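What follows is a reading of a single protein chain, moving from its overall make-up to the packing of helices and then to one residue. Please keep the structure in view while reading.

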Amino acid sequence: MKLYITPGSPYARIARVVILEKGLKGRVEIIVAQTRLADSPYYGINPSGRVPYLIRDDGVGLEESAVICAYLDHLDGNPAFDLPAGDQAWEARRLEGLARSMLDGLAVWGREIVRPLNERSPTVLQHEAHRSGRMADLWEAEIGHPLMRGALNLAQITLACALGLEARNPDLHWRPGHPKLRDWFGHIAARPSFAATAPPSASLTSGAPPNNASQGTRKKPRATERKR
């Protein structure tokens, strides 16, 4: 099988973590795709141009990290990441949804800061910085949930991949004021599957609002603080 990724994509990282956790490294070839590039050969493989994208052994392509992870998890007939039984399934869905919400917002922020400076939206940057602060506050309260402390699951993987985007965004500061979340992330980031898939650091020209907006403080940025 072939999994198309970009090294900085948190969505691709989710699938890569599952591959390593399931012991599938020898069965899946990781290929770096050229995305956001006019006439990229990758568009002939996946017309949407998105990652991750898995080409199965039968040649059929799968898109979306959740679909890819479910397929990979069931290959051996012994899934490790299925939902728990009973009412806990709804809790697992709820937590995974919260983790995905944080990840989606950070992904929007990340895409915005790699645009040329004159194309960036201050409104989007401010909105996503404030959202990240609110979500970090929420997760500081939720991180003690038994499902976030037990066996590895997709809610945990998704949240860890979201928090790991601090390597890509110089203005993402979720650690201050969130000691429980920081401690949780330290443990999960040390797992071999996370260490092996850590995103490359990005030396980006910042365009976000001031740091305190992403730390849970809701102060309005001064105009001079937004220029970079």
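The helices H1 and H6 are oblique to each other, and this pair is a useful place to enter the model, which is a predicted one. The axes of H1, spanning residues 10–21, and H6, spanning residues 154–163, cross at roughly 135° and come within 9 Å. An angle between 115 and 145 degrees falls outside the ranges for roughly perpendicular and roughly antiparallel, so the pair is classed as oblique. The crossing by which H1 passes H6 is right-handed. On the side of H1, the residues in contact are Pro-10, Arg-13, Ile-14, Val-17 and Val-18, and they meet Leu-154, Ile-157, Thr-158, Ala-160 and Cys-161 of H6. Sorted by class, this contact comprises eight nonpolar residues, one polar residue and one charged residue.

These helices belong to a chain that holds nine helices and four strands, arranged along the sequence in the order β-α-β-β-β-α-α-α-α-α-α-α-α. The chain has 228 residues, of which 45% count as buried. Among contacts in the chain with a separation of 6 or more, 68% are between residues 24 or more positions apart.

H6 also packs against H3, and here the geometry can be described in the same terms, since two packed helices are described by the angle between their axes and the distance between the axes. For H3 and H6 the angle is about 20° and the axes are 8 Å apart. Angles under 35 degrees count as roughly parallel, and H3 and H6 are therefore roughly parallel to each other. Their crossing is left-handed, whereas that of H1 and H6 is right-handed. From H3, the residues Leu-95, Glu-96, Ala-99, Arg-100, Met-102, Leu-103 and Leu-106 meet Leu-154, Ala-155, Thr-158, Leu-159, Cys-161, Ala-162 and Leu-163 in H6. This contact divides into 11 nonpolar, one polar and two charged residues. Leu-154, Thr-158 and Cys-161 of H6 appear in the contacts with H1 and also in those with H3.

H3, which covers residues 88–113, also contains Glu-112. Is this residue buried or exposed? Its relative accessible area is 7%, and Glu-112 is therefore buried, the limit being under 20%. The side chain of Glu-112 reaches the backbone nitrogen of Ser-121 at 2.7 Å. Leaving aside residues up to four places away in sequence, Glu-112 touches Glu-119, Arg-120, Ser-121, Val-124 and Leu-125.

Terms used. Residues numbered from 1 in each chain as written. Predicted model: local features only at pLDDT ≥ 70, side-chain atom pairs only at ≥ 80, totals over all residues. Heavy atoms only, no water. Axes fitted to C-alpha atoms, helices over the stretch in contact; angles between N-to-C directions. Helix = DSSP H or I, 4+ residues; strand = E, 2+ residues; numbered from the N terminus. Parallel < 35°, antiparallel > 145°, perpendicular 65-115°, else oblique. Left-handed = near helix turned anticlockwise from the far one by under 90°. Contact = heavy atoms within 4.5 Å. Nonpolar A, V, L, I, M, F, W, Y, C, P; charged D, E, K, R; others polar. Buried < 20%, exposed > 50% of the residue type's maximum accessible area, 1.4 Å probe, protein only. Polar contact = N/O pair within 3.5 Å; in protein donor to acceptor, adjacent residues only side chain to side chain.
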